[in-house]
Amino acid sequence: MARLLFILIPVIVAITIYTVVDCAIIDNRRVRGLSKPIWIVLILVLPVIGLALWYFIGRGGPELARDVAPDDDPSFIGGLRGDSEQDDRIRQLEEELAALDAEEEIIRPRDEKRRADAAAAEEQRKRREAERSSDGTASDPSDDEHPSDHGHGTGTNSSDA
């Protein structure tokens, strides 16, 4: 009988140490029944019974620690139903969206505005050329490209050089 105790006591001590460490590092969401410090004391005070209670009652499975998405959590959804402040904010946002939809002028993106400005400038240039040709003056493309050159001999098309 004494030989059995010499083998059984070190095994129980090793299992107790393992169980205390397991209890200390396990996620709090997986602990059932009591808090972690109480479980550790219970395991140390009642070695065999505390071990059995920890593994059968206190230690929950990994499904207890799983993260729940907000739309799957009943407590989160229950809090949303009674939130009149949030309902007011949603109503206000819907009114703002309706007002934006009702506006007649649609704001164009920056690229479309640049294209429209470039097309308007091109149209204006063509109109000027058409007016010059109808007046009988020759349209010289160099006149449009270098308006600051007024024949002072500084341009590349100068005849004085």
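The pLDDT is the predictor's confidence in each residue, on a scale from 0 to 100. For the present structure, which is a predicted model, the mean pLDDT of the protein chain is 76, with 65% of the residues reaching 70 or more. This confidence varies between elements of the chain: the lowest mean, 50, belongs to helix α7 (residues 141-145), whereas the highest, 92, belongs to α2.

The secondary structure of the protein chain consists of seven helices and zero strands, so that the order of elements along the sequence reads α-α-α-α-α-α-α. Of the 161 residues in the protein chain, 12% count as buried. When contacts between residues at least 6 apart in sequence are considered, 53% of them join residues at least 24 apart.

Helix α3, which spans residues 47-58, has a buried side formed by residues that include G50, L51, W54 and G58. These residues lie on the same side of α3, because they cover an arc of only 105 degrees around the axis. The opposite face, turned away from the buried side of α3, carries the exposed residues V48, I49 and F56. Among the elements that cover the buried residues of α3 are α1 (2-25) and α2 (36-45).

The largest nonpolar core comprises eight residues, namely V20, C23, I26, V31, W39, I43, L51 and W54. Helices α1, α2 and α3 each supply at least two residues of this core. In soluble globular proteins, nonpolar side chains tend to be buried together. Within the core, V31 touches I26, W39 and W54, and V31 also touches K36 and G58, when residues up to four places away in sequence are not counted. A further buried position is T19, located in helix α1, which counts as buried because its relative accessibility is 0%, under the limit of 20%. Leaving aside neighbours within four places in sequence, T19 is in contact with I43, L51, W54 and Y55; of these contacts, I43, L51 and W54 are listed as members of the largest nonpolar core.

Two of the core residues also take part in an aromatic pair, the count of such pairs being one. The ring centres of W39 and W54 are 5.6 Å apart and the ring planes stand at 65 degrees, so the pair is edge-to-face. This pair links distant parts of the chain, since W39 belongs to helix α2 and W54 to helix α3, with the two positions 15 residues apart in numbering. Both W39 and W54 are buried.

Turning to charged side chains, the count of salt bridges comes to five. Side chains of opposite charge can pair when their charged atoms come close. One of the salt bridges joins D22 and R59, with an N to O distance of 2.7 Å. This pair links distant parts of the chain, with D22 in helix α1 and R59 in the loop between α3 and α4 (74-81), 37 residues apart. The two partners fall into separate accessibility classes: D22 counts as buried because its relative accessibility is 9%, whereas R59, at 29%, counts as partly exposed.

Another salt bridge is formed by D27 and R29, whose closest N and O atoms are 3.0 Å apart. Here D27 is partly exposed, with a relative accessible area of 32%, and R29 is likewise partly exposed, with a relative accessible area of 44%.

In helix α6 (residues 110-135), R125 and E122 are three residues apart, about one turn of the helix. An α-helix has 3.6 residues a turn, so residues three or four places apart point the same way. The closest N and O atoms of R125 and E122 are 2.6 Å apart, and the two residues form a salt bridge. R125 is partly exposed at a relative accessible area of 31%, and E122 counts as partly exposed at a relative accessibility of 34%. Beyond this single pair, E122, R125 and E129 are linked in a network of salt bridges.

Terms used
Residues are numbered from 1 along each chain as its sequence is written. This is a predicted model: local features need pLDDT of at least 70, side-chain atom pairs count only at pLDDT 80 or more; totals for chains, interfaces and linings use all residues. Side-chain values use heavy atoms; hydrogens and water are left out. Buried means under 20% relative accessible area, exposed over 50%, partly exposed in between (1.4 Å probe, protein chains only). Helices (H or I, at least four residues) and strands (E, at least two) are DSSP runs, numbered from the N terminus. The arc is that of the directions from the helix axis to the C-beta atoms. Contact means heavy atoms within 4.5 Å. A salt bridge is a side-chain nitrogen of Lys or Arg within 4 Å of a carboxyl oxygen of Asp or Glu. Rings of Phe, Tyr and Trp (its six-membered ring) pair if their centres lie within 6.5 Å; planes under 30 degrees apart count as stacked, over 60 as edge-to-face and the rest as tilted. A nonpolar core is a set of buried Ala, Val, Leu, Ile, Met, Phe, Trp, Tyr and Cys residues joined through side-chain atoms within 4.5 Å.
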